[in-house]
Amino acid sequence: MNVTLSLPPRSAFLVFLESGVAIIFMCLALAGNFTVCLVISRNKLLRTVPNFLLLNLATADIVNAVVSFPLLISILVNGIWGFHGSVCQFQAFQTYVSYSCSLLTLTVTSVTRYYATVHPVKHRGIFKLRTVCVLIVVVWVTSFAFAAMPLLGWGRYQFEPFYALCIHDHNYSASYNMFLFLFLIVNSTVIVTCYSKIFKAMKRRNRRIHLMFAQGSRSRQLEIINAQEVKLTNTIFIVICLFSICYLPTIILGFLMFTPVYVPRFARMLSTFSVGLTSVVNPIVYWVRSKAFRQALKGIFRKNDGVHDSLRIDVSESMGSSNTADLGPNRRRAVIKKRSTRTLPEDKSL
């Protein structure tokens with residue numbers, strides 16, 4: 001590589017700080033996302049459509065933590081890229097695979113949430129676990145194709161000392177830069193459109209449910225299921241917002257590179273660490289917001305698996321059935337009466 005392989009001069013304190021942050025991020029990313037995978041794989045009741053997509057998100061984060069973080073730590077500690085050029089190509093390729101896989105997974109998740117909330121009947125017919133598994137395979141194949149373009153000559157990967165990683169050379173191919181921009185815009189548009197319609201539908205449904213209660217209906221079951229759907233939708237929305245916030249510095253710097261504005265090393269390293277933070281925050285969100293996640297995690301370390309018996313609601317199914325307010329009056333009363341004979345469910349989504 002005909003580029004500078006050494007990092008700019010840094011103080012001992014800055015070396016310690018940057019290296020320490022990278023090590024902490026790597027440990028948290030590995031521990032948190034491995035925990036998510038373990039919880040879902042060990043608990044059959046958690047293998048729902050939303051959780052499979054979150055599992056795919058965790059897998060992409062694990063790959064990033066295993067490949068990119070060790071190289072980043074080595075570079076920050078030693079102050080120089082000490083690996084072969086092929087390692088640089090592989091690291092950059094993996095970084096863009098993880099980015100593409102995460103963004104596409106969030107897009108697919110938004111579409112499934114849209115159908116679950118706005119078209120629940122179609123959601124139950126279309127988004128079965130087998131279909132979602134096929135979509136996950138498509139996401140990975142697309143991500144590999146997306147990241148392989150610079151390896152095939154459209155664009156170029158190279159080491160960037162101000163980022164301490166190998167990334168796409170923004171000065172090499174204007175057409176590939178435009179492709180990256182359009183890829184982001186298209187996925188972002190789908191996500192924003194889906195969630196705008198989701199929140200509108202949720203608002204309408206809440207009004208209908210309140211109207212039912214005002215007319216004398218008292219269905220604790222319906223109220224709980226609706227609350228669970230709202231919580232799951234909001235949790236995924238938080239994950240999407242955190243992903244956007246973490247990538248915001250990178251997006252801003254991407255635009256500034258085509259202007260005469262000088263971008264200091266601090267801002268570029270902030271971009272590197274903010275992207276790394278995306279691999280850390282999701283498990284924390286699940287832990288804070290999901291009682292089912294905490295219960296399942298505790299159950300793994302207990303000899304008695306009875307704790308799993310309390311997780312009795314399939315969120316992917318309840319998404320469709322929770323829209324009881326959209327049914328006719330007779331059918332709605334029948335469904336509510338049938339549900340009232342069951343035990344009140346607990347949320348088992350992440």
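Biologist: How much space lies in the largest pocket?
Modeller: This is a predicted model, in which local features need a pLDDT (the predictor's confidence in each residue, from 0 to 100) of at least 70, side-chain atom pairs count only at pLDDT 80 or more, and totals for chains, interfaces and linings use all residues. Residues are numbered from 1 along each chain as its sequence is written, and side-chain values use heavy atoms, with hydrogens and water left out. A pocket is an open set of points on a 1 Å grid over the protein atoms alone, with protein on both sides within 12 Å along at least five of seven lines. Taking volume as the space filled by probe spheres set on such points, the largest pocket holds about 1000 Å³.

Biologist: Which element gives the largest share of the lining of the largest pocket?
Modeller: The lining (residues with an atom within 4 Å of a point) has 40 members, and those nearest the centre of the pocket are Tyr 99, Leu 184, Tyr 247, Thr 250 and Ile 251. Two or more residues each come from H2, H3, strand S2 (165–168), helix H6 (174–214), H7 and H8, where helices (H or I, at least four residues) and strands (E, at least two) are DSSP runs numbered from the N terminus. The largest share of this lining, 11 residues, comes from H7.

Biologist: How many charged residues does the lining of the largest pocket have?
Modeller: In this classification Asp, Glu, Lys and Arg are charged, Ala, Val, Leu, Ile, Met, Phe, Trp, Tyr, Cys and Pro are nonpolar, and the others, Gly among them, are polar. The lining of the largest pocket has 28 nonpolar and 12 polar residues, while the number of charged ones is none.

Biologist: H3 also helps to line the pocket, so how many of its residues are buried?
Modeller: A residue is buried under 20% relative accessible area, exposed over 50%, and partly exposed in between, for a 1.4 Å probe and protein chains only. Across the protein chain of 350 residues, 51% count as buried. H3 is described as mostly covered, and of its 34 residues the number buried is 26.

Biologist: What do the buried residues of H1 pack against?
Modeller: Helix H1 spans residues 12–42, and its buried residues include Glu 18, Phe 25, Asn 33 and Ile 40. As a general point, an α-helix has 3.6 residues a turn, so residues three or four places apart point the same way. The partners against which the buried residues of H1 pack are H2, H8 and helix H9 (291–300).

Biologist: Is Cys 37 of H1 buried or exposed?
Modeller: Beyond its neighbours within four places in sequence, Cys 37 is in contact (heavy atoms within 4.5 Å) with Leu 55, Ala 58, Thr 59 and Ile 62. Thr 59 is 22 residues away along the chain, yet its C-alpha atom is 7.7 Å from that of Cys 37. Because its relative accessible area is 17%, Cys 37 counts as buried.

Biologist: Which residues does Phe 127 touch beyond four places in sequence?
Modeller: Phe 127 sits in the loop between helix H4 (120–126) and H5, and its relative accessible area of 9% makes it buried. The C-alpha atoms of Phe 127 and Tyr 115, which are 12 residues apart along the chain, are separated by 8.8 Å. With closer sequence neighbours left out, Phe 127 touches Val 49, Val 111, Thr 112, Tyr 115, Val 132 and Leu 135.

Biologist: What is the phi of Ala 164?
Modeller: Ala 164 lies in the loop between strand S1 (157–160) and S2, where it is buried, with a relative accessible area of 0%. Most residues other than glycine have a negative phi. Ala 164 is not a glycine, yet its phi is positive, at about 65°.

Biologist: Where in the protein chain is confidence lowest?
Modeller: The chain averages a pLDDT of 79, and 79% of its residues score at least 70. Two stretches stay under 50, namely residues 303–327, with 71 contacts beyond four places in sequence, and residues 334–346, with 29 such contacts. Where pLDDT is low, the predicted coordinates should not be read in detail. Confidence is highest in helix H5 (residues 129–148), at a mean of 92, and lowest, at 38, in helix H10 (residues 315–321).

Definitions and conventions
On a 1 Å grid over the protein atoms alone, a cavity is a set of points where a 1.4 Å probe fits but cannot get out, and a pocket is an open set with protein on both sides within 12 Å along at least five of seven lines; lining residues have an atom within 4 Å of a point.
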